[in-house]
Amino acid sequence: MKKMRRALVLMLSLAMAASMAACGSSSKATEAPATEAPATEAPATEAPEAEATEAPDAEAGAINTDNVGEYSWFLGTDSSEDTVTQLYAEKFAELVNQYSGGKMTITIQANGTLGSDQALCESVKAQDGVNFVVQTTAPEVNFMPELAVFDAACVYSSIDDVRKALDDEAFMETVSGIYTKGGYKLLGYADQSFRVLSTNTEVASMADLKGQKIRTMENSNHIKFWTDCGANPTPMAFSEVYTSLQNGTIDGQENPYEVIAGNKLYEVQKYIVPTNHLPHILALVTGSSLYDNLNADEQAVLDQAVVEAKAYAREQADARVADREATITGGGATISEFNQALFDEMQAAAQGEWDSIKGAVGEDLFNAYTQFAQ
């Protein structure tokens, strides 16, 4: 009897293998860019064939993996591996592979390997070697000017309130339309908490910022904000920041705790000031040409994966702040307490920037973003 059972199992396995081979002849692996890894490189153990037609779980809906083609994609970031950016990307890639039954694989390239933030934004739209990107919204303003709404400084001091805006269905529908109009597909927003100031001068009021050379990103709204605060904003490639702080070319810079700790900027800075002037929003983006050419089940794989990856990234962002603060103080820098009076001063100084942004993006979009501000 056991021999007959084993023989039956073997016959069923062979039949399934033949069926899968026949399906494979219509695979969409040829749609991947020529530079991508072959779809056959996905480990065979990632998706048991017997489970191929099952939905990943109740929340994922009825994703029929028989309708999912084979793809090998690349996701690029300009951030280091030890960041929430990387964790967001990794979780997304893991879930896409899981929910596609192992048919969709995503290789992550960090540290600007596939290009700077601006180059990644260009490449993901053209789909010429980068298929997905995780990056902050600041460099995307150069391609989609209305995203300048996220440059409005000192709107929120609570990350929970920022997330209310990002979870607002009507607001996000409008923002998604901005990406679509630009030739992109916004899959979802996570965050890396707030950007804060690091400097060698204790900052208790805005007067202490006067004349300080603060490194910023190449973003006109950021530059205007710091100018209006009395500082001397200095755009600079991030790769030059540590050395420039060390030799005194600049006095300070602004970034999330993740970046300050991960790049050991506490070694060349005395104070970390939780200005909370901007949320560091992480956009997970692909090109419209990729998303629109997927069928409904394939799109559902990406959509479900990003919902869960976003939730995971938020959890990690919150959990890692305390850890990064410990790293920074352990390295010798002092982290100030959040100073509401300083925040209020900086918010008042930001009104000119707000007016500029309203003029660029429209008052309706600005009000939709700021509706949850206390």
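**View 1. S4 and S7 run side by side in the antiparallel sense, joined over four bridges.** Two strands are called paired if DSSP finds at least two bridges between them, and the element names are DSSP runs numbered from the N terminus, with helices being H or I of at least four residues and strands E of at least two. This is a predicted model, where local features need pLDDT of at least 70 and side-chain atom pairs count only at pLDDT 80 or more, while totals for chains, interfaces and linings use all residues. Residues are numbered from 1 along each chain as its sequence is written, and side-chain values use heavy atoms, with hydrogens and water left out. In this view, Thr199 stands opposite Gly252 in S7. Strand S5 (residues 213-216) also pairs with S7, in the parallel sense and over two bridges; there, Arg215 has Gln253 as its bridge partner. Side chains alternate along S7 (residues 252-255): Gly252 and Glu254 point one way, Gln253 and Asn255 the other, and all are buried. Buried here means under 20% relative accessible area, with exposed over 50% and partly exposed in between, using a 1.4 Å probe and protein chains only.

**View 2. The largest pocket holds about 720 Å³ of space.** A pocket is an open set of points on a 1 Å grid over the protein atoms alone, where a 1.4 Å probe fits, with protein on both sides within 12 Å along at least five of seven lines; lining residues have an atom within 4 Å of a point. The volume is the space filled by probe spheres set on the points, which are joined across faces, edges and corners. Of the 33 lining residues, Asp78, Asp117, Arg215, Met217 and Phe238 lie nearest the centre. Elements giving two or more residues to the lining include helix H3 (117-126), strand S4 (184-199) and strand S8 (271-287). By class, that lining has nine nonpolar, 18 polar and six charged residues, counting Ala, Val, Leu, Ile, Met, Phe, Trp, Tyr, Cys and Pro as nonpolar, Asp, Glu, Lys and Arg as charged, and the others, Gly among them, as polar.

**View 3. Tyr156 and Tyr369 meet edge-to-face, one of 12 aromatic pairs in the structure.** Rings of Phe, Tyr and Trp (its six-membered ring) pair if their centres lie within 6.5 Å; planes under 30 degrees apart are stacked, over 60 edge-to-face, and the rest tilted. For these two tyrosines, it's 5.5 Å centre to centre and 75° between the planes. The pair links distant parts of the chain, 213 residues apart: Tyr156 is in the loop between S3 and helix H4 (159-166), and Tyr369 is in helix H13 (residues 363-370). Both Tyr156 and Tyr369 are buried. They belong to one aromatic cluster with Phe150, Phe171, Tyr179 and Tyr189. Phe150 shares the loop between S3 and H4 and counts as buried, at 2% relative accessibility.

**View 4. Phe225 and Trp226 form another edge-to-face pair.** Their rings are 5.1 Å apart, centre to centre, with 65° between the planes. Phe225 is buried at 2% relative accessible area, and Trp226 is buried too, at 1%.

**View 5. Two lysines sit over tyrosine rings.** The test is NZ of Lys or CZ of Arg within 6 Å of the ring centre and within 35 degrees of the ring normal. Lys91 lies over the face of Tyr312, 4.6 Å from the ring centre. The charged end of Lys185 is over the ring of Tyr291, 4.6 Å from its centre.
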